[in-house]
Amino acid sequence: MKRVAVLGATGSIGASTLDVIARHPDRFRASVLAAHRNVEALATLCERFRPDLAVIADPACEPELRARLVAAGVATRVLAGPDALVEAAAGGDADIVVAAIVGAAGLASTLAAARAGKRLLLANKEAIVMAGPLLAAALAEGGGDLLPIDSEHNAVFQCLPGGRPDLGRAGVRRIVLTASGGPFRGRTRDELARVTPAMACAHPNWSMGRKISVDSATLMNKGLEVIEAHFLFDAPADAIDVVVHPQSIIHSLVEYVDGSLLAQLGNPDMRTAIAYGLAWPERLDAGVAALDLVRTAQLGFEAPDRATFRCLDLAYDALRAGGTAPTTLNAANEEAVAAFLEGRLAFTAIAEVIESCLADLPAGPVAGLEALLDSDLTARRHAHRIMARRAA
Ligand code: NAD
Ligand code: MG
């Protein structure tokens, strides 16, 4: 029996993870559930899954969660605050940690799980983008496995022998990440200036949290994934390509020097990647319907519109600049997306804010966690200054 900590249990990936776990009560148990501040949703999950530990990241919500669990007769221990997330990730309550918190808020717990040698199922791409070298060091220190849950990286992992080989030795020429193109594929820049958060969050193929939905609409999600692929598979920027594939059936590909192109296909459902990560190297029924190739009929491919969706190239720029540039990119993006979701920033201004941050804040070396958090904070403050100037 493997005990699983689901950090971000109330989110989209959290729900998919708990669905897979519930299908295999003989093999997995949700022993830790953590969330930000949705007490009702977390308490409901605790009633259903009876974890040993529940963590609510916002300390102000702790009394309400405790009261709610006592009233329901649930004996789950309760911890609160950001430090409790770290404790839950590294502590003795779980063998597997699913890092499914959105944004930089997931960094500390992701690093802690890696350092503690847990099997780490990584959905929280912002953590690896902002701190790739530190996560690699933490994994080396802990000696545990990292299984990518992002569908593209999970596909690449499945198409590589042994998952994380030396790319050159394995004869890999390049990694090809597929992108759906998001809800605004084919739109012009002028059309994009007026799109609303609701429009941006209506993804054609995937149902996801709001932040990643906006990232998919700007193509920053693919940009973050390029950087994620660089750190996960030790691939240089030039060996990572992006192709738009609107059906989201091929989740990504690996091209070898002999001309072979290996792809992983399936219905767009995150439970496939999650089940793969939970059971690896075995396979598990994920509850996902088999792909009907005849009904699918057509698989389309096109080049991304880099001129309209500039976030993709901004991410390549940050990757090539190296050091703290990906940290700056991620921080500026998180702030700009939050402002867009709150109606304070135009959709097309997201890329402009990020571009200004990258131009104004020179990349430094990744000297350690403190220096990196400093770059993160500097970039967030700078993004706010830029947005305030634009609003004035
Ligand atoms: P979501 O918004 O649906 O859920 C986010 C979760 O994080 C919630 O449980 C929330 O309580 C928690 N959270 C937010 N802020 C927190 C904080 N400060 N402290 C503690 N917990 C906090 O998001 P999602 O779509 O499930 O995405 C989660 C992560 O997985 C993101 O990094 C995203 O990029 C990645 N991802 C998601 C998908 C998908 O299909 N949804 C696919 C690939 C990767
Ligand atoms: Mg993805």
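**Exercise 1. Determine which residues Lys118 touches, and where Lys118 lies.**

Solution. Step 1: apply the contact criterion, namely heavy atoms within 4.5 Å. Leaving aside residues up to four places away in sequence, Lys118 touches Ala89, Ala90, Gly91, Gly92, Ala94, Asp95, Val97, Ala113, Gly144 and Asp145. The model is predicted: local features need pLDDT of at least 70, side-chain atom pairs count only at pLDDT 80 or more, and totals for chains, interfaces and linings use all residues. Residues are numbered from 1 along each chain as its sequence is written, chains are lettered from A and ligands numbered from 1 in the order in which they are written, and side-chain values use heavy atoms, with hydrogens and water left out.

Step 2: place the residue. Lys118 sits in the loop between helix H5 (107-115) and strand E6 (119-122); helices (H or I, at least four residues) and strands (E, at least two) are DSSP runs, numbered from the N terminus.

Step 3: examine charge and polarity. Lys118 is buried but has no salt bridge, and the nearest side chain of opposite charge, Asp95, is 6.0 Å away. Buried means under 20% relative accessible area, exposed over 50%, and partly exposed in between (1.4 Å probe, protein chains only). A salt bridge requires a side-chain nitrogen of Lys or Arg within 4 Å of a carboxyl oxygen of Asp or Glu. In assigning charge, Lys and Arg count as positive and Asp and Glu as negative, while His and the chain ends are not counted. A polar atom of the Lys118 side chain does lie 2.7 Å from the backbone oxygen of Ala94.

**Exercise 2. State how many salt bridges a search of the whole structure finds, and analyse the pair Glu40 and Arg68.**

Solution. Step 1: the search finds 30 salt bridges. Side chains of opposite charge can pair when their charged atoms come close.

Step 2: Glu40 and Arg68 form one such bridge through their side chains, at 2.8 Å from N to O. Glu40 belongs to helix H2 (residues 39-49) and Arg68 to helix H3 (residues 62-71), so the pair ties together parts that are 28 residues apart in sequence.

Step 3: compare with the accessibility classes. Glu40 is partly exposed at 43% relative accessibility, and Arg68 is partly exposed at 22%.

**Exercise 3. Characterise the salt bridge between Lys222 and Glu152, and name the network to which they belong.**

Solution. Step 1: the side chains meet at 2.8 Å, N to O. Because Lys222 lies in helix H11 (residues 220-233) and Glu152 in helix H7 (residues 151-159), the pair ties together parts that are 70 residues apart in sequence.

Step 2: Lys222 is buried at 4% relative accessibility, and Glu152 is buried at 7%.

Step 3: a network of salt bridges links Lys125, Asp150, Glu152, Lys222 and Glu225.

**Exercise 4. Test the span of helix H15, and describe what follows the helix.**

Solution. Step 1: the expected span is 1.5 Å times one less than the number of residues. For the 17 residues of H15 (residues 325-341) this gives 24 Å, and the end C-alpha atoms are 24 Å apart, which agrees.

Step 2: H15 is mostly covered, with 15 of its 17 residues buried.

Step 3: Gly343, with a positive phi near 80°, follows H15. Glu342 forms a salt bridge with Arg344 (2.6 Å, N to O). Glu342 is exposed at 55%, whereas Arg344 is partly exposed at 47%.

**Exercise 5. Identify the residues closest to ligand 1, and the backbone atoms that lie by its oxygen atoms.**

Solution. Step 1: with a heavy atom within 4 Å as the criterion, 23 residues surround ligand 1, the closest being Thr10, Ile13, His36, Glu126 and Gly209.

Step 2: a backbone N or O atom lies 2.9 Å from a ligand 1 oxygen in Ser12, 3.5 Å in Val102 and 2.8 Å in Gly209.

**Exercise 6. Describe the surroundings of His245 and Ser248.**

Solution. Step 1: His245 lies in the loop between strand E9 (240-244) and strand E10 (250-256), and Ser248 is also found between E9 and E10. His245 is buried at 0% relative accessibility; Ser248 is buried at 6%.

Step 2: beyond residues up to four places away in sequence, His245 touches Thr178, Ala179, Ser180, Ile250, Leu299, Gly300 and Phe301. On the same basis, Ser248 touches Ser180, Asn205, Trp206, Gly266 and Pro268.

Step 3: a polar contact of 2.7 Å joins the side chains of Ser248 and Asn205. A polar contact is a pair of N or O atoms within 3.5 Å; within protein, one must be able to donate a hydrogen and the other to accept it, and residues adjacent in sequence count only if both atoms are side-chain atoms.
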